[in-house]
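Welcome, and please open the structure in your viewer. We will go from stop to stop, selecting a few residues at a time and looking at what is there.

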Amino acid sequence: MPFAHFKVPADTLGPDDKKKIVERTTDLYAEIYGERARATTVVLVDEVAYGGWGVGGHVLTAALLNGDV
């Protein structure tokens, strides 16, 4: 069973964006493994709260993501 786990900053994606991630990831796995994989592909979009992760020793913020820092 193919499995993809996306971790994204909380409140940065709407329902339509999450749907796109699920659909496109499923399509990609089906392209790679064949259509048999589509029915069993699991995609998890996990929202991480502010302060819950860091990059380069800095807490990940919207400003950091946007290149403002």
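Start on the surface by selecting Met1, Phe3, Val42 and Leu44: together they form a nonpolar patch with about 400 Å² of accessible area. Such a patch is made of residues with over 30% relative accessible area and no salt bridge, where like charges are joined within 9 Å and nonpolar side chains (Val, Leu, Ile, Met, Phe, Trp, Tyr) within 5 Å. Accessible areas come from the Shrake-Rupley method with a 1.4 Å probe, and for residues only the protein chains shown count as cover. Within this patch, click on Leu44, which lies in strand β2. Leu44 counts as partly exposed, at 37% relative accessibility. Here buried means under 20% relative accessible area, exposed means over 50%, and partly exposed is in between (1.4 Å probe, protein chains only). Helices (H or I, at least four residues) and strands (E, at least two) are DSSP runs, numbered from the N terminus.

A word on what you are looking at: this is a predicted model, in which local features need pLDDT of at least 70 and side-chain atom pairs count only at pLDDT 80 or more, while totals for chains, interfaces and linings use all residues. Residues are numbered from 1 along each chain as its sequence is written, and side-chain values use heavy atoms, with hydrogens and water left out.

Next come the charged pairs. How many salt bridges does the structure hold? There are 5, each being a side-chain nitrogen of Lys or Arg within 4 Å of a carboxyl oxygen of Asp or Glu.

Select Glu47 and Lys18, whose side chains form a salt bridge at 2.9 Å, N to O. This pair links distant parts of the chain, since Glu47 sits in strand β2 (residues 42-48) and Lys18 in helix α1 (residues 15-33), 29 residues apart. Glu47 is partly exposed at 33% relative accessible area, and Lys18 is partly exposed at 25%.

Stay on the helix and pick Glu23 with Lys19, a salt bridge of 2.6 Å, N to O. Both residues lie in helix α1, 4 residues apart, about one turn of the helix. Glu23 has a relative accessible area of 37% and is partly exposed; Lys19, at 48%, is partly exposed as well.

Now select Arg38 and Asp27, which meet in a salt bridge at 2.7 Å, N to O. Arg38 lies in the loop between α1 and β2 and Asp27 in helix α1, so the pair ties together parts that are 11 residues apart in sequence. Add Glu35 to your selection: salt bridges that share partners join Asp27, Glu35 and Arg38 into one network.

Two threonines close the tour. Is Thr25 buried or exposed? Thr25, found in helix α1, is buried, with a relative accessible area of 10%. Its side chain reaches the backbone oxygen of Ile21 at 2.7 Å. Show the surroundings too: not counting residues up to four places away in sequence, Thr25 touches Ala4, Phe6, Lys20 and Val43, where contact means heavy atoms within 4.5 Å.

Finally, select Thr41 in the loop between α1 and β2. Thr41 counts as buried at 13% relative accessibility. The side chain of Thr41 reaches the backbone oxygen of Ala37 at 2.7 Å. Leaving aside neighbours within four places in sequence, Thr41 is in contact with Pro2, Thr26 and Tyr29.

Note on methods: A polar contact is a pair of N or O atoms within 3.5 Å; within protein, one must be able to donate a hydrogen and the other to accept it, and residues adjacent in sequence count only if both atoms are side-chain atoms.
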